[in-house]
Amino acid sequence: MSKFGETGPGVPPTLCLRGVELWQSWLSPAEQQAMLAEIRAVAARAPLFVPVTPSGKTMSVRMTAAGRFGWVTDKAGYRYEPHHPDGMDWPPIPPSVLAAWEALSGSARAPECCLVNYYPPGARMGMHQDRDEADFGEPVLSISLGDEALFRIGNATRGGKTESVWLRSGDVLRMAGDARLLFHGIDRVKDGSSALLRDAGRINLTLRVVT
Ligand code: MD3
Ligand code: FE
């Protein structure tokens, strides 16, 4: 049972899509700025890198991570690693990000990975499942910062009908229960739709229990 009891976090989501819960504008503009400053400090210590899929394709997002583990991909495959590709430890998960997990995850465990995805103009993320973690009973929490992104949610197997929703800066998503293994992706990002970042683009933080 979660520390919230069987009912999950106390704050009700503003929207629920196929079991994916969305809290729109959960972070105020000031909270978004504070979180962004902490994420910039993470990227200063653990630089954004270019992920390459096992098949050798360069992904259009740039990645880094905080926490005990970071998710990496290269020709050797998809996996969690305790070190950045350049060899340094991943920085600790920032306090503001941990606070969002505490408030909304419904998990009794601490997050072990905060994946940082940076979407430059034109970047997208194809439909995929998150299944490199050991316990699918643990939720995934996602925080959007910067430009708006068209998020697509599908099914537990590839293909079939999908539904889409725009994710805006300050929105938080929770994937738990049956929603945890749904296919999902980001079709596009709307350039210049947010003034939060000093450059165009979007940052997505994804919090996960890995082990
Ligand atoms: C639905 N990131 O890092 S976040 C990822 O916006 C990822 O960068 C996207 O998918 C992004 O793996 C989408 C929303 C999200 C994250 C994990 C999920 C949706 C999910 C896991 C299961 C179902
Ligand atoms: Fe994902």
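**Exercises on a ligand and two sheets**

In this predicted model, an oxygen atom of ligand 1 lies 3.0 Å from an N or O atom in the side chain of Asn-117. The exercises below start from that contact and move outward to the strands.

**Exercise 1.** Work out which other side chains place an N or O atom at a short listed distance from an oxygen atom of ligand 1, considering Tyr-119 and His-184, and state how much of the ligand the protein buries.

*Solution.* Begin with Tyr-119, whose side chain has an N or O atom 2.5 Å from an oxygen atom of ligand 1. Continue with His-184, where the corresponding distance between a side-chain N or O atom and an oxygen atom of the ligand is 2.9 Å. With a cut-off of 3.5 Å for a polar contact, the distance of 2.5 Å for Tyr-119 and that of 2.9 Å for His-184 can both be read as such contacts. Finally, ligand 1 taken alone exposes 490 Å², of which the protein buries 98%.

**Exercise 2.** Describe the surroundings of ligand 1: how many residues surround it, and which of them are the closest? Which strand gives the most residues to the shell?

*Solution.* Count the shell, which holds 20 residues, the closest being Tyr-119, Met-175, His-184, Arg-202 and Arg-208. Next, place the ligand in the protein: the space that ligand 1 takes is the largest pocket. Then assign the shell to elements, where two or more residues come from each of strand E6 (113-119), E7, strand E8 (140-146), strand E11 (172-175), strand E12 (184-189) and strand E13 (202-208). The greatest contribution is that of E13, which gives four residues.

**Exercise 3.** Reconstruct the open sheet of seven strands, and find which strands form its edges.

*Solution.* Write down the order, which is E1-E2-E11-E8-E13-E6-E3, with antiparallel pairing. The edges are then strand E1 (15-17) and strand E3 (62-66), each of which pairs on one side only. Neighbouring strands of this sheet are turned against each other by 20 degrees on average, with direction ignored. To examine one pairing in detail, take strand E2 (residues 20-23), which is joined to E11 by three bridges in an antiparallel arrangement, and note that Glu-21 stands opposite Arg-174 in E11.

**Exercise 4.** Explain why one side of strand E7 and one side of strand E10 are left without a neighbour in the sheet, and trace the pairings across this sheet.

*Solution.* The four strands of this open sheet follow the order E7-E12-E9-E10 and pair in the antiparallel sense. Strand E7 (125-128) and strand E10 (163-167) stand at the edges with a single partner strand each, and therefore one side of each has no neighbour in the sheet. From one strand to the next, the twist averages 25 degrees.

Now trace the pairings in order:

1. E7 and E12 are antiparallel and share two bridges, and Met-125 has Ile-186 in E12 as its bridge partner.
2. E9 and E12 run antiparallel and are joined by five bridges, with Arg-152 standing opposite Gly-185 in E12.
3. Strand E9 (residues 149-153) pairs with E10 in the antiparallel sense over five bridges, and Ile-153 stands opposite Glu-163 in E10.

Terms used
Residues numbered from 1 in each chain as written. Chains lettered and ligands numbered in written order. Predicted model: local features only at pLDDT ≥ 70, side-chain atom pairs only at ≥ 80, totals over all residues. Heavy atoms only, no water. Pairing = 2+ DSSP bridges. Axes fitted to C-alpha atoms, helices over the stretch in contact; angles between N-to-C directions. Near = heavy atom within 4 Å. Polar contact = N/O pair within 3.5 Å; in protein donor to acceptor, adjacent residues only side chain to side chain. Areas by Shrake-Rupley, 256 points an atom, 1.4 Å probe, with all protein chains shown as cover. 1 Å grid on protein atoms, 1.4 Å probe; cavity = no way out; pocket = protein on both sides within 12 Å on 5 of 7 lines; lining within 4 Å. Sits in = over half its atoms within 2 Å of the grid points.
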